[in-house]
Amino acid sequence: MDGGQARTSAKPPQGLSAAALDKRLNIRRRAREDGGRNHPRIDAADLSEVEREIVAAIGAERARLDQTRNEAKAEAERRLRALAPTPQDFSGPALDARLALKQAAGRLGHDWGEAAERATQARADLDAFKRGNDLRRGAVYPSSALLQAGLLLFAAVFEALFSAALFAEDDERGLLGGVITAIGLSGANVTLGYLAGFLGLRYLQHVRTPIKVMGGAAFAALTALALMLNLFAADWRDQMAALAGRQVDLGSDASFRFWSLLQLESPQAIILLMLGAGVWVFAALKGYSGFDDPYPDFGKMDRAARAASDALSDFRADARRELEAPIETAKTALAARLEKMRAEFEAMNKAFDAAAVKMEKLDAQARSLDEAAATAVHLYRQENANLRTAPAPAYFGAPPPAIGPALDALAASAAMIDDARTRLADAQAQSTQALETLVHELEDAAKRLDGGDIA
């Protein structure tokens, strides 16, 4: 659109339009005179004198304009050569990163290998433990042992508070004496229940018979101790009631009573026994599976394997960041160099556009001169042909000869732009290839370190 506007708005210099040439060279009058004399002859091949004068009149101005166009062309080419993207070294940052990557891999190799070996050994130990103990499931244990301990503490406090109220009724020391007795009773009861579950129930399912027998013996012993403790506490509560002089009303019927087999007479003693039994069962279940996997040592082996695997993952993540640091540095350097070439190419494009606008104005002026010459020549030939009695020469039907060179002054500049665009695309490809090679080498280094190859 800009070119079209320049082409339509350009006018030849003053005195060089077709009308001015007609006045200046008397084109119409001389054309009629030549036509009346049938000049030029029908077999003429050269331009007539008037046509040569028209071409000479325009040629001087066109030569000056062509000189200006050549100077603008040379200036544009010089400017584009100065702004052409400077070739960048894309292999240097990649080589530096490759060297730094090898150095970092050498530093990390020993620790990486040891961490990988520990994780592998822990996993192998866990697999061997599962095979040796005929386990076909994963370990199951709570994520928070603190929560389970809190539940045990809550059970102990609950039993202590309830027992304190029962003991305080007939304890001569009052509520304080009942609290002290209840705390000792609940603590012992919870401890015996926990140990019965942890050392007894868990080992009852062991694959080895000797360990299973020991687990059963431990469970029986701890259960007997807990039973003795709770029966003693209930009997003690009855004796305290008897010493306090309270008469226990059992009713007047002679029906069978189960609690008579335990020789317990007061309801408080029976409640105390049931409370202790319930807390003991709760503690035993917590000891069985509340803190660890129900199978002995399975949870410990699984946690060791997970800890070694997590340690390897954490180390690998830190090491990976250290290995990636040289690549990030190279990436930044390559991006900066590529951006520099892009900026230079952009400046080169702007310079080419400015030169194209200037050249289009000069080309429009040259075209206006060519059109003025062609119009003047056409005017001569038309007037000459109108008054001829003989046919006009054959060359009258051909277009007027070109006065100046072809209007393509920025062809070399356009070729320079294309060359710069190609170099920029090649630079982009080199940068991408360098980064891809570094990423491949990073992955190869990580695989070698995972495999224990430090070299």
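In the next few minutes I will talk about one pair of helices and then about the nonpolar cores of this structure, which is a predicted model.

Let me begin with the helix pair. Two packed helices are described by the angle between their axes and the distance between the axes. Here helix H5, which covers residues 91-132, packs with helix H11, residues 411-450, at an angle of about 20 degrees, and their axes lie 9 Å apart. Angles under 35 degrees count as roughly parallel, and so H5 is roughly parallel to H11. The crossing of H5 and H11 is right-handed.

Which residues meet where H5 and H11 touch? On the H5 side they include Ala94, Arg98, Gly109 and Trp112, while on the H11 side they include Ala434, Thr437, Glu441 and Asp450. Sorted by class, the contact of H5 with H11 has 11 nonpolar, 2 polar and 3 charged residues.

Trp112 also leads us to the core, since we meet that residue again there. The largest nonpolar core has 70 residues, and those that touch the most other members are Leu21, Ile27, Ile54, Trp112, Leu323 and Met348. Helices H2, H3, H4, H5, H10 and H11 are the elements that give two or more residues to this core, and H10, which spans 298-387, gives the most, with 25 residues.

If we look at Met348 by itself, and leave aside its neighbours within four places in sequence, we find this methionine in contact with Leu80, Leu83, Ala84, Pro85, Met416, Ile417 and Ala420.

Finally, there is a second, separate core of 7 residues, and among them are Ala156, Leu275, Val279 and Ala283.

Key:
Residues are numbered from 1 along each chain as its sequence is written. This is a predicted model: local features need pLDDT of at least 70, side-chain atom pairs count only at pLDDT 80 or more; totals for chains, interfaces and linings use all residues. Side-chain values use heavy atoms; hydrogens and water are left out. Axes are lines fitted to C-alpha atoms, for helices over the stretch in contact, and angles run from 0 to 180 degrees between N-to-C directions. Helices (H or I, at least four residues) and strands (E, at least two) are DSSP runs, numbered from the N terminus. Angles under 35 degrees count as roughly parallel, over 145 as roughly antiparallel, 65 to 115 as roughly perpendicular and the rest as oblique. A crossing is left-handed if the near helix is turned anticlockwise from the far one by less than a right angle, and right-handed if clockwise. Contact means heavy atoms within 4.5 Å. Ala, Val, Leu, Ile, Met, Phe, Trp, Tyr, Cys and Pro count as nonpolar, Asp, Glu, Lys and Arg as charged, and the others, Gly among them, as polar. A nonpolar core is a set of buried Ala, Val, Leu, Ile, Met, Phe, Trp, Tyr and Cys residues joined through side-chain atoms within 4.5 Å. Buried means under 20% relative accessible area, exposed over 50%, partly exposed in between (1.4 Å probe, protein chains only).
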